[in-house]
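Here are a few quick notes on the pockets, for when you have the model open. Have a look and see whether you'd read it the way I do.

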Amino acid sequence: MALAVVLGVVAYWRYTLAERHFAETLAQMDEIAPKVDTEGCVSAVLEWHGRCETARPLCDDGVVRVMSHCLIGADRQEYCGGLDLSSAKAQWVFNRCQERGTPCLDRKKCACADAYRTIDSFCRHEQKGVAL
């Protein structure tokens, strides 16, 4: 019973740290969003992901949420207009990651690809949100 209580307290403590980290991160993204272009959002999110202060799975899953906050902060129509959204596969994300020097070693778990997939979804939904 004592072990369950201790583990419960530790789990709650880690949860509160993660929540605080994401709240601070989202506030930072909201602040920089109007000042950076779309590629700047990708850079900011990848920088955040590299120094994320919580559990790696939470950081990996948080890329879409953090990227969305950055994208929503400014009009991204010019960037969206330059994308070829005719294919639903969005394979271009891997090429873009390769070009920027952040290639995806694992296509299923790649923060860069997730950031560009977020852009793809954001543009497909007319800058109103992202399909999660």
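**Notes on the two largest pockets**

1. Helix 3 (56-72) and helix 6 (111-124) are where I'd start: each of them supplies at least two residues of the lining of the largest pocket. Keep in mind that this is a predicted model.

2. Which helix gives the largest share of that lining? That's helix 3, with 5 residues.

3. On volume, the largest pocket holds about 270 Å³ of space. Its lining runs to 15 residues, and those that lie nearest the centre are D60, K109, C110, A111 and D114.

4. As for chemistry, the lining of the largest pocket splits into 8 nonpolar residues, 6 charged and 1 polar.

5. Now the second largest pocket, with about 150 Å³ of space. There are 10 lining residues here, and E19, F22, L58, G62 and R65 are the ones nearest the centre of this pocket. Two elements give two or more residues to this lining, namely helix 1 (2-32) and helix 3.

6. Who gives the most to the lining of the second largest pocket? Helix 3 again, with 5 residues. So much for who lines what; the make-up of this second lining is 6 nonpolar, 3 charged and 1 polar.

7. To pull it together: helix 3 has the largest share of the lining in the largest pocket, and helix 3 also gives the most to the second largest one. If you're looking at both pockets, keep that helix on screen.

Terms used
Residues are numbered from 1 along each chain as its sequence is written. This is a predicted model: local features need pLDDT of at least 70, side-chain atom pairs count only at pLDDT 80 or more; totals for chains, interfaces and linings use all residues. Side-chain values use heavy atoms; hydrogens and water are left out. On a 1 Å grid over the protein atoms alone, a cavity is a set of points where a 1.4 Å probe fits but cannot get out, and a pocket is an open set with protein on both sides within 12 Å along at least five of seven lines; lining residues have an atom within 4 Å of a point. Grid points are joined across faces, edges and corners, and a volume is the space filled by probe spheres set on the points. Helices (H or I, at least four residues) and strands (E, at least two) are DSSP runs, numbered from the N terminus. Ala, Val, Leu, Ile, Met, Phe, Trp, Tyr, Cys and Pro count as nonpolar, Asp, Glu, Lys and Arg as charged, and the others, Gly among them, as polar.
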